[in-house]
Amino acid sequence: MEWQPTPYTAPLLVASLASFAFAAYAVWNRSKGEAPLLRSFVGVTVASGVWSLAYAGQLSATTLSATLSWNRLVWVGIAMLAVAWPAFVFAYVGWVSWLRPRRLLLLCLVPATVVGGVFLVGADPLFYTSPALDGANGYLVMEYAPTSALIGFMTYSYAVNLFTFGVLGYAALARDGVFRWQAVLLLVAGVAPMSVGVVGISGALGPRFVDLTPVTFAATSGLLGWVVFRYRLLDLSPIARDAVFTNLSDGVVVVDGDDRVVDMNRPARGLFPGATIGCDVEEAFARAPAVVDLASSGSGDGDREGGDPASGTGPDEDLRVTIDGGSEPRFLTVAAHSIAPTGSGFGPVLRSGPESEAAPSAPGGSGDGTVLLFRDITERETLQRRYRALIEKSPNVIAVCGTDGLLRYVSPSIERLLGHAPEEIEGRPVIDLVHPDDRREAQAAFERAFETDDQQLLDHRIAHANGNWRQFETTVERLFEDTQEVVITATDVTESRRYEQRLQVLNRVLRHDLKNDTNVIGGYADLLRDHVDADGDEYLDVIDRKVETLTHLSDQAREIDVALHSDGARTEIDLSPLVTRLCGSLESSFPETTVTVSTPDSAVVCADELLESAVRNVLENAVVHNDGNQPIVEVSVDRDGEGFRVAVADNGPGIPPVERSVFSEARETALEHASGLGLWLVHWIVTESGGELEIHTREPTGTLVTMWFPTPDGASAAGDEEPAGDGGFAGDGEFADNGESADGVASTNDGAKSTANREPAETRPRGVDGDAGREPGSDPRRRRDGG
């Protein structure tokens, strides 16, 4: 076969060689980019290579048959490019839905029909009418008359190309920095061949029947190489940029070698509203001068608190800056990374080591480029400052100790509590300041804290700087599960221990002396009865009642002392026999009182061992402060949720408001205080039992006291259930004369009611002392112990 030289053969061969080289490079580096973009790029380059090589063969052929044979391969390249180019553009901009099988088959429909028609029917007569070779230009060129099929396919191709050009143009306008340049150069690489081909049809650039479209590939291949290598088309796609750069929660700013901002994402714009693409770093970071120094240094040598972020040692060593965020400051960490070339010279990459060689980061840049990473740590910094303030201002000493037994951190409160500066204590053994007699126990507690995850409690003495010893209650527990450190929290209890000791001594002395003196007073009062006339008996009766009151007050103080210093142990107690026995004792002690009681067969609760004292005080309080001629007391035990409720109702004068307010507020003042200890004792016992105590005023007169206690099964849920009524009593009801309460609860003790006369109680407001106003000569111990 003879070949003819043409002016277009060499450019076509160059374009073909370049296209196949780009395809081979893309396949060799297929691990870099995204699969759809890579595959479509290979398709574009292979199609361009096939078109260019086949058209070079067509122009070099000297016979019509050979020319038409090469023309078949030309149509293969054209058809391949008609599919690969739009697929490449769709992959580049992220329109992945167009790459699904159905739509891709739709895109292949027309090109596949063209290839099938060319091989089955032939380009002549499918696209050409009366083709012939003409040598008027010094070399043979096939001339022909186009068919309607050729015009239709060209219209389809131009329409698809124009659409893809619009997509690339929009991408160029919407994107910033390197991705804008990618889109612009790809747009030029697509527009140039089609434009030259259209102009070539008019004959303005050469022979009218020479297709200059593949010839232009020789020029656009260089442009494509610029995009691939200079702007990293295959491994820096805008899709990855949108997913990572744009949507990154951290702020990212790219600065070129001329200290200009060439790209930034949305979080960075939020941090620095005055920064725009193309502005100088001094203008962009006017609110953070340290960032200007960091960006200008290129390698991250600006001032920083933790070290050199360019060294890549971690976020804790990044530059920390504070910017004015309006109402509150914002805290940021900034890391700088230089943009350096890869070892092959193919495009820039991020480098954080000081040994990296920087490369231009944007067109027009004359020096190194820098990427600034901003992380907003305002929330973390605020929490750290808050926790730091809580520790530093804590009334306790807080310390951290390692497995070596040395203190690694001590809170500033140690100087206020023990007179030692924290820096003097840090690094010393943890038991260095502990009293010698307490060191063995302290050392054992620290060792157990490391061996187990249980909290260790310690009571020991620590030396003050003035030489005195202070008493501390200390807890030792592991700081974190995955660390070999323990946190120590030491509370100074020196003053509270001294106060408690003084109270115990005072309580013991007062109770002992009070009881002895009241016994002496009672004894002398009995002696006086033989030496006074009948008129003096009334005054001796008052003395007897006060002696009984003081004696009972001393006993109550002892019970309160036991309640307050008990270990809080609870036991199972059956309320039914207990309440029945105490009501019987109340009737025996106060025969003039009408007592009705209603209990179930069994009412086992989990309560404090002093529960009997609480119930007895409430019962006695309902009688001794009753100023009526016939006191009435109604008692019931009823199931209430996860426990039982004891209700005691009376027809007395009611508890004064000051008594109830002192109880509800759990405090006493100089002007407002309870007149006795009974209610306090009841309150403490019920609380220690995990129960609830309520006091209600009845109308027209009387008081309803309810005490709720949890059952053994429901002890853990005590307090979660709402009270279920008044324990069987109508709080505002009247008392009946037939032995039944106003709500119909009948007495279970036949003959318990008595109409015997009772000496009127001393007129006074009802208090909380269960023995005030007792009968002279009665035995307070018998009544107190329930008979």
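These legends walk through several close-up views of a predicted model.

**View 1. A kinked helix, α4, and its neighbours.** Helix α4 covers residues 101-120, and at Leu109 it has a kink of about 40°. Look just along the chain from there: the kink comes shortly before a proline, Pro111. Pro111 is also one of the buried residues of α4, along with Leu107, Val114, Gly117 and Val118. What hides them? The cover over the buried residues of α4 includes α3 (64-93), α5 (123-126) and α6 (148-174). A handy thing to remember when you look at any such list: an α-helix has 3.6 residues a turn, so residues three or four places apart point the same way. Just after α4, find Gly122, which takes a positive phi of about 105°.

**View 2. Ala286, out on a loop.** Here we zoom in on the loop between α11 (281-284) and α12 (289-297), where Ala286 sits. Is Ala286 buried or exposed? Its relative accessibility is 56%, so Ala286 counts as exposed, the cut-off being over 50%. Now find Ile323, which is 37 residues away from Ala286 along the chain. In space, the C-alpha atoms of Ala286 and Ile323 are separated by 9.8 Å.

**View 3. An antiparallel sheet with a helix packed on it.** Five strands make up this open sheet, and reading across you meet β10-β9-β13-β12-β11, with antiparallel pairing. At the edges are β10 (407-410) and β11 (456-463), each with pairing on one side only. From one strand to the next, the twist averages 30°. Helix α16 (residues 439-451) packs on the sheet and touches β9, β11, β12 (469-478) and β13. The direction of α16 makes about 140° with that of β11. For a closer look at one pairing, take β9 (residues 397-402) and β13 (residues 485-492), which are antiparallel and share six bridges. Within that pair, Val397 stands opposite Ala490 in β13.

**View 4. A mixed sheet and two helices.** This is another open sheet of five strands, in the order β15-β17-β18-β20-β19, but its pairing is mixed. The edge strands, β15 (594-598) and β19 (692-697), each pair on one side only. The twist here averages 15° from one strand to the next. What holds neighbouring strands together? Strands of a sheet pair through backbone hydrogen bonds, either parallel or antiparallel. Take β17 (residues 632-640) and β18 (residues 643-650): they pair in the antiparallel sense over eight bridges. In this pair, Val633 stands opposite Asp650 in β18. Helix α20 (residues 611-624) packs on the sheet, touching β17, β18 and β20, and its direction makes about 170° with that of β20. Helix α19 (residues 575-589) lies across β15, β17, β18 and β20 (703-710), running at about 175° to β15.

**View 5. Strand β16, tucked away.** Strand β16 (residues 604-608) is largely enclosed by the rest of the structure, because four of its five residues are buried. Its partner is β14 (residues 570-574), which runs antiparallel to β16 and is joined to it by five bridges. Spot Thr571, which stands opposite Ala607 in β16.

**View 6. Two buried cysteines.** How much of Cys279 and Cys606 is accessible? Cys279 has a relative accessible area of 5%, so it is buried. Cys606 is buried too, with a relative accessible area of 14%. If you go hunting for disulfides, the structure holds zero.

Key: Residues numbered from 1 in each chain as written. Predicted model: local features only at pLDDT ≥ 70, side-chain atom pairs only at ≥ 80, totals over all residues. Heavy atoms only, no water. Pairing = 2+ DSSP bridges. Axes fitted to C-alpha atoms, helices over the stretch in contact; angles between N-to-C directions. Contact = heavy atoms within 4.5 Å. Buried < 20%, exposed > 50% of the residue type's maximum accessible area, 1.4 Å probe, protein only. Disulfide = S-S within 2.5 Å. Bend = angle between axes of the 7 residues up to and from the residue.
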